[in-house]
Amino acid sequence: MRTDKIFGYTIGAMYIGFFIGILAGNDIPSIRQKVDWETLLAGSTAIIGGWFAYRGAVTPFKEARKSELLQFQYNVKKAGAGVCSVLGCANLGLDSGLHGIFPDRKESEEEQFRAYAQEFMDNMPEIPPRIMNLELLEIYKDLEFSLLAASSCPDWNLMRAIDHVLPEMEKFDKYISENT
């Protein structure tokens, strides 16, 4: 359950309890003397204060994790700048523009992409321990595997290599965006 929904539930429970207390106090004379509106108000205030204390304690950790995730994404994109530029053009549907993004004309586009993928694999940063979890580790290993396949399969053409790496990079970006 998300913590921002707790506030609404807390307010709802406070009102329900408050009105049940008032109704019980009005209907049954013996309970009327035992139910004080001050007690109900103090209890509701304590619940709301507890919620604020919880949010105040948890928020800095969540913000630090978001910041570290974004820094990790930046480091990954920086490590694979060549692959990311090719994937960016392919993702935008600029298939005809792929021919102009490879600066070295001595090698074929496939060989240059394999070199970019190998360079990306060599420079990939490790996942920081504070943001490491099973889902991120699985996505990151899938990305590494797709880069390994793209860099080591000489019979793949450029579009097949891109089609293999692009979904994994999109999964990585989606994970980062959902968790920040």
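A residue counts as buried when its relative accessible area is under 20%. Keep that cut-off handy for this tour of a predicted model.

**Stop 1: the whole chain**

Show everything as a cartoon. You'll find seven helices and zero strands, so to speak a run of α-α-α-α-α-α-α from the N terminus on. Of the 180 residues, 31% are buried. Now think about who touches whom: among contacts with a separation of 6 or more, 70% are between residues 24 or more positions apart.

**Stop 2: helix 5**

Select residues 109–123, which make up helix 5. Which residues of this helix are buried? Colour E109, Q112, F113, R114, Y116, A117 and F120, and you have them. Look at how their numbers are spaced. An α-helix has 3.6 residues a turn, so residues three or four places apart point the same way.

Try the distance tool too. The 15 residues of helix 5 should span 21 Å at 1.5 Å a residue, and the end C-alpha atoms are indeed 21 Å apart.

**Stop 3: helix 6**

Next, select residues 134–152 for helix 6. Its 19 residues should span 27 Å, and the end C-alpha atoms agree, being 27 Å apart. The buried residues here are L136, I139, Y140, L143, S146, L147, A149, A150 and S151.

Zoom in on the N-terminal end and show N133 as sticks. N133 caps the helix there, with a side-chain oxygen 3.2 Å from the backbone nitrogen of E135.

**Stop 4: where the two helices cross**

Show helix 5 and helix 6 together. Their axes come within 8 Å and cross at roughly 145 degrees, and the crossing is left-handed. To see the contact, select F113, R114, A117, Q118, F120 and M121 on helix 5, plus E144, L147, L148, A150 and S151 on helix 6. What classes of residue make up this contact? Colour by class and you get seven nonpolar, two polar and two charged residues.

Some of these you have met already: F113, R114, A117 and F120 are on the buried list of helix 5, while L147, A150 and S151 are on that of helix 6.

**Stop 5: S146**

Finish inside helix 6 by selecting S146. Is S146 buried or exposed? Its relative accessible area is 1%, so it is buried. Show its side chain, and you'll see it reach the backbone oxygen of L143 at 2.8 Å. Then add H164, V165 and E168: leaving aside neighbours within four places in sequence, these are the residues S146 is in contact with.

Technical notes: Residues numbered from 1 in each chain as written. Predicted model: local features only at pLDDT ≥ 70, side-chain atom pairs only at ≥ 80, totals over all residues. Heavy atoms only, no water. Helix = DSSP H or I, 4+ residues; strand = E, 2+ residues; numbered from the N terminus. Expected span 1.5 Å × (residues − 1). Buried < 20%, exposed > 50% of the residue type's maximum accessible area, 1.4 Å probe, protein only. Polar contact = N/O pair within 3.5 Å; in protein donor to acceptor, adjacent residues only side chain to side chain. Axes fitted to C-alpha atoms, helices over the stretch in contact; angles between N-to-C directions. Left-handed = near helix turned anticlockwise from the far one by under 90°. Contact = heavy atoms within 4.5 Å. Nonpolar A, V, L, I, M, F, W, Y, C, P; charged D, E, K, R; others polar.
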